[in-house]
Amino acid sequence: ISLARFMRECLTHPELGYYVSRADIGAHGDFTTSPEQTPVFSRLLAKWCDWSYEAMGSPEYFRLIELGPGTGKNTSPEQ
């Protein structure tokens, strides 16, 4: 079995997978991320993205994709 298949099974198995059986993220979950604690990191990241966008000449198309574990709060309008 490849490492990729092993990790896929560990994380996404319909009954036993980590992401299926342990969806809690935050103070009472398995882990927490900066945006879960305070919006300061998200605001700093937004300023950097704005600077980067302008430094690239404000292109017509600009994709901001949030990757990684968490709830998606970095790109949430509430932040």
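**View 1. Contacts of Ser21 in a predicted model.** Beyond its neighbours within four places in sequence, Ser21 is in contact with Glu15 and Leu16; contact means heavy atoms within 4.5 Å. Ser21 sits in helix H2, residues 18-21. Helices (H or I, at least four residues) and strands (E, at least two) are DSSP runs, numbered from the N terminus. Ser21 is partly exposed at 40% relative accessibility. The classes are buried, under 20% relative accessible area, exposed, over 50%, and partly exposed in between, with a 1.4 Å probe and protein chains only. Leu11 lies ten residues from Ser21 in sequence, and the C-alpha atoms of the two are 9.2 Å apart.

The model is predicted: local features need pLDDT of at least 70, side-chain atom pairs count only at pLDDT 80 or more, and totals for chains, interfaces and linings use all residues. Residues are numbered from 1 along each chain as its sequence is written, and side-chain values use heavy atoms, with hydrogens and water left out.

**View 2. A nonpolar surface patch that includes Met7.** Ile1, Leu3, Phe6 and Met7 make a nonpolar patch of about 470 Å². Patch residues have over 30% relative accessible area and no salt bridge; like charges are joined within 9 Å, nonpolar side chains (Val, Leu, Ile, Met, Phe, Trp, Tyr) within 5 Å. A salt bridge is a side-chain nitrogen of Lys or Arg within 4 Å of a carboxyl oxygen of Asp or Glu. Areas come from the Shrake-Rupley method with a 1.4 Å probe; for residues, only the protein chains shown count as cover. Met7 belongs to helix H1, residues 3-12. Its relative accessible area is 38%, so Met7 is partly exposed.

**View 3. The aromatic pair of Tyr53 and Phe62.** The structure holds one aromatic pair. Tyr53 and Phe62 form this pair edge-to-face, with 5.1 Å between centres and 75 degrees between planes. Rings of Phe, Tyr and Trp (its six-membered ring) pair if their centres lie within 6.5 Å; planes under 30 degrees apart are stacked, over 60 edge-to-face, the rest tilted. Both rings belong to partly exposed residues: Tyr53 has a relative accessible area of 27%, and Phe62 has 35%.

**View 4. Positive phi at Ser58.** Ser58 is not a glycine, yet its phi is positive, about 50 degrees. Ser58 lies in the segment after helix H4 (40-55). With 38% relative accessible area, Ser58 is partly exposed.

**View 5. The whole chain and its confidence.** The chain has four helices and zero strands, in the order α-α-α-α from the N terminus. Of its 79 residues, 13% count as buried. About 6700 Å² is exposed, and carbon and sulfur atoms supply 58% of that area. Among contacts with a separation of 6 or more, 34% join residues 24 or more positions apart. Mean pLDDT, the predictor's confidence in each residue from 0 to 100, is 81 for the chain, and 80% of the residues score at least 70. Among the elements, helix H3 (residues 34-37) has the lowest mean pLDDT, 73, and H1 the highest, 92.
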